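Here's a quick briefing on charged side-chain pairs. Have a look at the model first, then we'll go through the contacts.

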Amino acid sequence: MDSNFTYTSIRRVRFPLIVIVLFFLSHHKLSAQIDNNYPFKVGERVKYTAYYNWKFVWLSAGTAEFYVSDTIFNGISAFHFISTGSSYSSYDWFFKVRERFESVASKSSLSPLWFMRKSYEGGYEAYNNYIFNYSDSLLTIESYNSDSPFNRKTYKINKRIYDVLTAIYYCRSIEFKGLRIGEKVPLNMAIDDGVYNLFIRYLGTDNITHRDGRVFDCYKFSVKLVEGTIFKGGEDMVVWVTRDKKKLPVVVEAKILIGSVKAYLLDYKQ
């Protein structure tokens with residue numbers, strides 16, 4: 001391994017175990033054809049293995065898991081999405097990662113109602129709390145991290161805004177076959193303490209080979225990323241989701257500031 005590959009170098013990119021999976025999907029414009037029969041159900045559990053590449057060496061870094069339950073939120077019947085990510089315990093001495101994301105979304109429209117992120121990444125801590133108030137058309141974001149003190153920001157909701165977790169499940173309901181190859185699809189996302197106008201670009205269909213040798217018939221698209229501590233920005237992430245009723249993300253790959261990352265579907269239970 002290159003002697004310049006140090007703990008400090010890794011910390012610069014906030015070693016992205018769960019992030020590479022949370023950015024699997026985005027949402028289509030509001031006029032998109034949405035499958036009202038959701039491809040996921042309460043009780044679904046999906047697990048991924050994350051790999052990090054440095055100087056052509058692929059390292060198995062950790063896992064990320066997604067779970068769907070149901071709840072009642074302020075009198076609204078809702079899905080409760082939970083996602084956790086962690087480094088392998090054998091690597092904790094070197095770079096410990098523990099992350100938890102939760103999101104509550106209306107069952108009728110998948111509009112986000114509440115979101116929380118709590119992360120510990122090699123000594124760096126981050127927290128986000130989003131409250132979506134549709135009566136007043138306001139999104140309130142409370143956040144802090146190791147580099148910044150607690151702050152509260154308010155954004156006007158004049159178009160649909162998604163947190164990264166709700167967006168994943170919302171997009172699995174999109175009829176991808178209705179998109180044209182090369183078509184750019186708007187994506188309005190709340191990320192950290194800001195709101196961004198991003199997009200995905202549909203790249204057609206493809207057969208992708210999983211790390212374990214399985215071949216999946218998939219829809220393929222790239223994702224416009226936010227420039228920051230992990231990503232350079234631009235369309236440097238490519239995603240493959242299955243061409244079936246589940247529209248399950250099976251592989252994602254992305255370039256980051258140092259090296260590149262991949263995530264592979266490890267296990268699926270319903």
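How many salt bridges does the count come to? It comes to 12, taking a salt bridge as a side-chain nitrogen of Lys or Arg within 4 Å of a carboxyl oxygen of Asp or Glu. Bear in mind that this is a predicted model, where local features need pLDDT of at least 70, side-chain atom pairs count only at pLDDT 80 or more, and totals for chains, interfaces and linings use all residues. Residues are numbered from 1 along each chain as its sequence is written, and side-chain values use heavy atoms, with hydrogens and water left out.

**The K262 pair**
- K262 pairs up with E253 in a salt bridge, with 3.7 Å between the closest N and O atoms.
- K262 counts as partly exposed because its relative accessibility is 21%; the label covers the range between buried (under 20% relative accessible area) and exposed (over 50%), using a 1.4 Å probe and protein chains only.
- E253 has a relative accessible area of 30%, so it is partly exposed too.

**The R117 network**
- Shared salt-bridge partners tie R117, E121 and D192 into one network.
- R117 and E121 form one of these bridges, their closest N and O atoms lying 4.0 Å apart, and both residues are buried.
- R117 also meets D192 in a salt bridge, at 2.9 Å from N to O.
- That pair links distant parts of the chain, 75 residues apart: R117 sits in strand β5 (residues 112-121), and D192 in the loop between β10 (184-191) and β11 (194-209). Strands here are DSSP runs (E, at least two residues), numbered from the N terminus.
- R117 counts as buried because its relative accessibility is 10%, whereas D192, at 39%, counts as partly exposed.

Terms used
Helix = DSSP H or I, 4+ residues; strand = E, 2+ residues; numbered from the N terminus.
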